[in-house]
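The following exercises are to be worked with the sequence and the coordinates at hand. Each task is followed by a solution in steps.

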Amino acid sequence: MIEKNYRGRFAPSPTGLLHFGSLVAAVGSYLDAKFNQGKWLVRIEDIDFQREVPGAVSEFLFVLESLGMEWDEEVVFQSRRLEAYQKALDRLEKQNLIYPCTCSRKEISDSSIIGLGGPIYPGTCLKNPSLSDKACSLRIQTNQNEIQFQDILKGPYTQKLRREIGDFVLRRADGIYAYQLAVVVDDAEQGITHVVRGADLLDSTPRQIFLQRSLGYSTPRYMHLPVVTNAAGEKLSKQTNAEPIDIANALPQLVKALCFLGQKPPAVILEGDIPSFWQWARENWQVNLIPR
Ligand SMILES: [Zn+2]
């Protein structure tokens, strides 16, 4: 059965070149959107410009085009949407959910227990607001409520933010908006109905749902794909020296990504071209074959 008015997205950070791990996320989100006759949008998550690799954005888009992955609608750049993030932050501030934090990284790790996303902030600056005017980050106050959602592949997932994550940062002391805030604002404003991405982001999802609810946004459906690891069991990334996708050798890499997602293309697909690869892949996409 087809999901109506499906809007999906692929949202890479330009902190390195497109490697096989990001290709799998791109192929999975693209095929799920196309199978459902929906739109597939590309968003460049370049909010943390200090980590950006020069030239990576144009290279990303060039590689996607060379792989025959066409996006619908204009590419969105987070670096150009700071006003929207500030507006959302203002709305949270009006609900008294935001407080300034002047703690250093060391102070936090000295006094914290470790949660899913690193040290759990003990709420020092909420209990004792700092009067100093040194640069501060802005945190959102979490609560005891359980956040639950149904992942399309992984099934039910539950988290208590206060206990497992703690009050988290929405704007860093250097003025950079946090990924969690930016992604929620963008998904809502782009009308995203389905988020298909790597399972390394599974434990971020409750934070995003918490922000969606606080901002009055609806929550998309989530599908977290298996993450590609290297021989040492590490997630492929720039840090683990993942090799960039070689477009001179595009078809075998697309087939490999499709097989990683559990699909079963016929061997002759390697003798065809990229358009016929996509035609087969979109017609035969089966979510229930994806490894959980
Ligand atoms: Zn603090």
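**Exercise 1. Determine which residues of helix 3 are exposed and which are buried, and how the two sets are arranged about the helix.**

Solution. The model is a predicted one.

Step 1. Glu83, Lys87 and Lys94 of helix 3 are exposed. A residue counts as exposed when its relative accessible area is over 50%, and as buried when that area is under 20%.

Step 2. The buried residues in helix 3 are Ala84, Tyr85, Ala88, Leu89 and Leu92. Because these buried residues cover an arc of only 140° around the axis, they lie on the same side of helix 3. Glu83, Lys87 and Lys94 are on the other side.

Step 3. The packing partners of the buried residues are strand 4 (98-101), strand 7 (137-140), strand 10 (168-171), helix 7 (179-189) and helix 8 (205-215).

**Exercise 2. Compare the span of helix 3 with the expected value, and state which residue with positive phi follows the helix.**

Solution.

Step 1. Helix 3 comprises residues 82-94, 13 residues in number. From the first C-alpha to the last, helix 3 reaches 19 Å, which is close to the 18 Å expected at 1.5 Å a residue.

Step 2. The residue in question is asparagine 96, which follows helix 3 and has a positive phi near 60°.

**Exercise 3. Identify the protein donors of the zinc ion and classify the geometry of the site.**

Solution.

Step 1. Three of the donor atoms are SG atoms, from Cys101, Cys103 and Cys125, and Tyr121 contributes its OH. These donors lie 1.9 to 2.3 Å from the zinc ion.

Step 2. The angles among the four donor atoms are 103 to 124°. Four donors count as tetrahedral if all angles lie between 85 and 135 degrees, and the zinc site is accordingly tetrahedral. For reference, the ideal angle for four tetrahedral donors is 109.5 degrees.

Step 3. The spacing of the donor residues in sequence is C-x1-C-x17-Y-x3-C. An unreviewed UniProt entry lists Cys101, Cys103, Tyr121 and Cys125 under "binding site". They are spread over 25 residues of sequence but cluster in space, with a largest C-alpha distance of 10.1 Å.

**Exercise 4. Describe the surroundings of tyrosine 121 and cysteine 125.**

Solution.

Step 1. Tyrosine 121 is in the loop between strand 6 (118-119) and helix 5 (124-127), whereas cysteine 125 is in helix 5.

Step 2. The relative accessible area of tyrosine 121 is 6%, so this residue is buried. Cysteine 125, at 6% relative accessibility, also counts as buried.

Step 3. Beyond residues up to four places away in sequence, tyrosine 121 touches Tyr99, Cys101, Cys103, Ile108, Ser112, Arg139, Ile165 and Asp167. With that exclusion, cysteine 125 touches Tyr99, Pro100, Cys101, Thr102 and Cys103.

**Exercise 5. For alanine 11 and tyrosine 179, decide whether each is buried or partly exposed, and list the contacts.**

Solution.

Step 1. The unreviewed UniProt entry gives a "binding site" that includes Ala11, Glu45, Tyr179 and Arg197.

Step 2. Alanine 11, in the loop between strand 1 (7-10) and helix 1 (20-35), has a relative accessible area of 19% and is therefore buried. Tyrosine 179, in helix 7, is at 25% and so counts as partly exposed.

Step 3. Neighbours within four places in sequence aside, alanine 11 contacts Arg43 and Glu45. With those neighbours again left out, tyrosine 179 contacts Glu45, Arg197, Leu201 and Gln208.

Key. Residues are numbered from 1 along each chain as its sequence is written. This is a predicted model: local features need pLDDT of at least 70, side-chain atom pairs count only at pLDDT 80 or more; totals for chains, interfaces and linings use all residues. Side-chain values use heavy atoms; hydrogens and water are left out. Helices (H or I, at least four residues) and strands (E, at least two) are DSSP runs, numbered from the N terminus. The expected span of a helix is 1.5 Å times one less than its number of residues. Buried means under 20% relative accessible area, exposed over 50%, partly exposed in between (1.4 Å probe, protein chains only). The arc is that of the directions from the helix axis to the C-beta atoms. Contact means heavy atoms within 4.5 Å. Donors are N, O and S atoms within 2.8 Å of the metal (3.2 Å for Na, K and Ca); water is not among the atoms, so sites may look incomplete. Four donors count as tetrahedral if all angles lie between 85 and 135 degrees; four count as square planar and six as octahedral if opposite donors are over 155 degrees apart and all others between 65 and 115; anything else is irregular. UniProt positions are given in the numbering used here, feature names are shortened, and annotations may be inferred rather than shown by experiment.
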